[in-house]
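Me: I am new to this structure and should be grateful for a close look at a single part of it, the surroundings of the ligand. Please then set that part in the context of the rest of the protein.

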Amino acid sequence: MPWLVSKVAQLVVTYLNMGKGTAKKDSGVLMSAPLLAALSSPANDRRTQVKVGQALERVWLQATNLGIRLHPMNKILQLPEIKAEVTKLIPMGDVMPQLTFRLGYAEPETAYTPRRPLNEVLI
Ligand SMILES: Cc1cc2nc3c(=O)[nH]c(=O)nc-3n(C[C@H](O)[C@H](O)[C@H](O)COP(=O)(O)O)c2cc1C
């Protein structure tokens with residue numbers, strides 16, 4: 001939904017100036033996204049939040065299976081002002097956005113994010 005992308009990008013620039021150039025970078029990333037999605041729920045209790053996380057896992061796995069990349073962009077929901085604005089943009093009515101992400105085809109990865117060894121983090 002291009003109108004949603006540009007609206008959200010505008011909100012990011014307005015509210016999310018968390019670091020030098022961050023809002024501009026985030027806005028560029030959002031504007032270039034072929035698809036921006038929000039997983040939403042009618043309730044907001046712990047059980048629902050876990051279920052939304054499970055739904056994200058399924059969407060992410062299916063996207064990967066199809067060669068589509070998924071990039072979570074949840075920072076836009078961390079400020080109540082911007083979350084309220086995003087909520088108003090969801091056409092389904094009385095639901096709460098829980099997870100926002102962009103989807104699209106990407107160049108193959110050339111480098112991976114470094115990870116600590118498993119035995120350092122598993123007790
Ligand atoms: C719940 C969740 C929320 C995230 N929110 C953001 C975000 O707001 N902005 C962003 O640039 N990346 C966000 N990320 C993406 C991560 O920064 C990272 O790019 C992604 O998890 C893949 O990282 P990896 O290279 O560590 O595998 C989020 C990831 C998760 C799991």
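Reply: The residues in the shell around the ligand divide into 2 nonpolar, 3 polar and 2 charged. The model in which they are seen is a predicted one. By name, the residues that surround the ligand are His71, Pro72, Met73, Asn74, Lys75, Thr113 and Arg115.

For three of these residues, a polar atom of the side chain can be paired with an atom of the ligand. In the case of His71, an N or O atom of the side chain is 3.0 Å from a nitrogen atom of the ligand. The side chain of Thr113 has an N or O atom 2.3 Å from an oxygen atom of the ligand. Arg115 likewise faces an oxygen atom of the ligand, with a polar side-chain atom at 2.8 Å. As for cover, the ligand taken alone exposes 620 Å², and 51% of that is buried by the protein.

The wider setting may now be described. The protein has 5 helices and 3 strands, and from the N terminus on these elements follow the order α-α-β-α-β-α-β-α. Of its 123 residues, 30% are buried.

One residue of the shell leads directly into the interior. Met73, which is among the residues surrounding the ligand, also belongs to the largest nonpolar core. That core has 10 residues, and the others in it are Val8, Val29, Leu30, Leu36, Ile76, Leu77, Ile82, Val86 and Leu89. Two elements, helix H2 (22–31) and helix H4 (80–89), give two or more residues to this core. The largest share, 3 residues, comes from H4. Apart from this core lies another, of 9 residues, including Ala37, Leu39, Leu56 and Ala63.

Helix H4 deserves a closer look. Which of its residues are buried? Ile82, Val86 and Leu89 are buried in H4. They lie on the same side of H4 because they cover an arc of only 50 degrees around the axis. Pro80 and Lys88, on the other side of H4, are exposed. The buried residues Ile82, Val86 and Leu89 are also listed in the largest nonpolar core.

A second residue of the ligand shell, Lys75, can be related to strand S3. Thr100 lies in this strand, which spans residues 96–104. The C-alpha atoms of Thr100 and Lys75 are 8.5 Å apart in space, while the two residues are 25 apart in sequence. Thr100 has a relative accessibility of 5% and therefore counts as buried, the cut-off being under 20%.

Gln98 is linked to two further residues, one in a strand and one in a helix. Ser41 lies in strand S1, residues 35–41. The side chains of Ser41 and Gln98 make a polar contact at 2.9 Å. Ser41 counts as buried because its relative accessibility is 3%. Thr48, in turn, lies in helix H3, residues 46–65. Its C-alpha atom is 9.7 Å from that of Gln98, although 50 residues separate Thr48 and Gln98 in sequence. With 14% relative accessibility, Thr48 also counts as buried.

The loop between H2 and S1 offers a contrast to these buried positions. Ser32 lies in that loop. Is Ser32 buried or exposed? Its relative accessible area is 52%, so Ser32 is exposed, the cut-off being over 50%. A polar atom of the Ser32 side chain lies 3.0 Å from the backbone oxygen of Val29, and Val29 is one of the residues of the largest nonpolar core. The C-alpha atoms of Ser32 and Arg102 are separated by 9.5 Å, although the two residues are 70 apart along the chain.

To return to the ligand: its shell holds His71, Thr113 and Arg115 among others, and Met73 in that shell is a member of the largest nonpolar core.

Note on methods
Residues numbered from 1 in each chain as written. Predicted model: local features only at pLDDT ≥ 70, side-chain atom pairs only at ≥ 80, totals over all residues. Heavy atoms only, no water. Core = buried A, V, L, I, M, F, W, Y, C linked by side-chain atoms within 4.5 Å. Buried < 20%, exposed > 50% of the residue type's maximum accessible area, 1.4 Å probe, protein only. Helix = DSSP H or I, 4+ residues; strand = E, 2+ residues; numbered from the N terminus. Near = heavy atom within 4 Å. Polar contact = N/O pair within 3.5 Å; in protein donor to acceptor, adjacent residues only side chain to side chain. Areas by Shrake-Rupley, 256 points an atom, 1.4 Å probe, with all protein chains shown as cover. Nonpolar A, V, L, I, M, F, W, Y, C, P; charged D, E, K, R; others polar. Arc of directions from axis to C-beta.
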